[in-house]
Amino acid sequence: SKIGTIRKSYQFSGNAKDYVAEFELPLKEGSTTKLWMDYEEYRHMLKFKEECEMYYWYGQKTHDSTGRTNMVDENGQPVVSGPGLFEQIINKDSYSTLTQQKIEDVIGDLFYGMTDATDKQVTLFTGIGGAREFDKALRNYYGSSSSTASSPGATRGYLQTSESKFITGSGRSLGVTGYFNSYDHIDGHTVNVVKVPLFDHGPVAQASRKHPDTGLPLESYRMTFVDQSTYDGENNLQMINKKGREMLRWAVAGSVVPKGFTGSDTRASDIDGASVHMLKTAGILLRRFDTSLDLQCTAS
């Protein structure tokens, strides 16, 4: 595998940093500002982080099986890009409506060979649709009739409890709480659900077909079971950064110096304004690529 470089730049005119809006603009951690430049810088940083995450998930390698890179830039230099997580996962499957049996079979078959793993952990990365589907599958299973029950139509007795777990409140003020977001498999693997906003609102989600029942993007129903266990003392899923290029941010100052920069991280320019540049060289590494699964929804 290889790692790639992600770069993003923006520029502004000389007096843009002094623009003041007539209303409050949101910033990180719930703070606000009326300075337009602070808001724009915040948006550019978020966009850069989103592009990095897009690369980690959906990136495609630009090299062949021998490691040779055939893609070049306008200067004839090779464009090196490593594979994203989806391209590294070799196990692919699909579903229309998720069931508990599908979850059990998938996990049991996929991780049967994880005998040498320690701290066995499987993370299910999905969107809002997938999280709903996971919860619905387990609710339907544990709330359905069981052939082993004492009478036809009887619910599974082990769900019955004297304490309120899903219903809160009393009288006419009732609420529903408690949703399935983890699953312990009989083979010893624990699956934890983690929602990824990129699956709901990212560029791929925006271009995705809609689910026939909910109208959510089908990408929101994508379920990626990632083996995050430990093998030989190392995590199976790793973030790889090139030393010294984990995150670079510099400015080219002209008539103004961008906020937050000093002389050591600025460059000289004669433009009436300034520009800011962000760059990092990194990639995702799945050390054992045959114990994870990319499960896509095909409902129509």
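Visitor: Among contacts in the protein between residues at least 6 apart in sequence, what share join residues at least 24 apart?
Guide: In this model, which is predicted, the share of such contacts that join residues at least 24 apart is 70%.

Visitor: And how many helices and strands are there?
Guide: The protein has 6 helices and 17 strands. It is made up of 300 residues, and 40% of them count as buried.

Visitor: Can we look at one helix, say α3, and which of its residues are buried?
Guide: Helix α3 covers residues 100-110, and its buried residues are Gln100, Ile103, Val106, Ile107, Gly108 and Leu110.

Visitor: Why would residues three or four places apart point the same way?
Guide: An α-helix has 3.6 residues a turn, so residues with that spacing point the same way.

Visitor: OK, and what do the buried residues of α3 pack against?
Guide: They pack against one helix, α4 (128-143), and against the strands β8 (182-184), β9 (190-195) and β17 (293-297).

Visitor: Let's pick a residue from β9, so what does valine 193 touch?
Guide: Valine 193 lies in strand β9, and, if neighbours within four places in sequence are left aside, it is in contact with Leu124, Thr126, Ala131, Phe134 and Asn181. For one of these partners, Phe134, there is also a distance to give, since the C-alpha atoms of valine 193 and phenylalanine 134 are 8.5 Å apart while the two residues are 59 residues apart along the chain.

Visitor: Is valine 193 buried or exposed?
Guide: Valine 193 has a relative accessible area of 18%, and because buried means under 20%, it counts as buried.

Visitor: New topic: where is tryptophan 250?
Guide: Tryptophan 250 is in strand β14, which runs over residues 248-253, and at 17% relative accessibility this tryptophan counts as buried. Its C-alpha atom is 9.7 Å from that of serine 9, although 241 residues separate the two along the chain.

Visitor: What about glutamine 88, buried or exposed?
Guide: Glutamine 88 has a relative accessibility of 10% and therefore counts as buried. Its place is in helix α2, residues 85-88.

Visitor: So what does the side chain of glutamine 88 have a polar atom close to, at 2.9 Å?
Guide: A polar atom of the glutamine 88 side chain lies 2.9 Å from the backbone nitrogen of leucine 286. Not counting residues up to four places away in sequence, glutamine 88 touches Pro83, Ile284, Leu285, Leu286 and Phe289.

Visitor: Switching to loops, where is glycine 233?
Guide: Glycine 233 is in the loop between β11 (230-231) and β12 (234-235), and with a relative accessible area of 69% this glycine is exposed. From C-alpha to C-alpha, glycine 233 is 8.2 Å from threonine 118, and the two are 115 residues apart in sequence.

Visitor: And what is the phi of aspartate 232?
Guide: Aspartate 232 has a positive phi of about 55 degrees, although this residue is not a glycine. Aspartate 232 also has its place in the loop between β11 and β12, and at 74% relative accessibility it counts as exposed.

Visitor: How many disulfides does the structure hold?
Guide: The structure holds 0 disulfides. As for cysteines, cysteine 52 counts as buried at 5% relative accessibility, and cysteine 297 counts as buried at 8%.

Visitor: Last topic, pockets: how much space lies in the largest pocket?
Guide: About 370 Å³ of space lies in the largest pocket. Its lining is formed by 14 residues, and those nearest the centre are Lys28, Asp38, Glu41, Tyr42 and Met45.

Visitor: Which helix gives the largest share of that lining?
Guide: That is helix α1 (residues 36-58), from which 6 residues of the lining come. By class, the lining of the largest pocket is made of 6 nonpolar, 2 polar and 6 charged residues.

Visitor: And what is the volume of the second largest pocket?
Guide: The second largest pocket has a volume of about 240 Å³. It is lined by 13 residues, of which Gly4, Thr5, Ile6, Val79 and Val80 are the closest to its centre.

Visitor: Which strand gives the most to the lining of the second largest pocket?
Guide: Strand β1 (residues 4-13) gives the most, with 4 residues. Divided by class, this lining has 6 nonpolar, 6 polar and 1 charged.

Conventions: Residues numbered from 1 in each chain as written. Predicted model: local features only at pLDDT ≥ 70, side-chain atom pairs only at ≥ 80, totals over all residues. Heavy atoms only, no water. Disulfide = S-S within 2.5 Å. Buried < 20%, exposed > 50% of the residue type's maximum accessible area, 1.4 Å probe, protein only. Helix = DSSP H or I, 4+ residues; strand = E, 2+ residues; numbered from the N terminus. Contact = heavy atoms within 4.5 Å. Polar contact = N/O pair within 3.5 Å; in protein donor to acceptor, adjacent residues only side chain to side chain. 1 Å grid on protein atoms, 1.4 Å probe; cavity = no way out; pocket = protein on both sides within 12 Å on 5 of 7 lines; lining within 4 Å. Points joined across faces, edges and corners; volume = space filled by probe spheres on them. Nonpolar A, V, L, I, M, F, W, Y, C, P; charged D, E, K, R; others polar.
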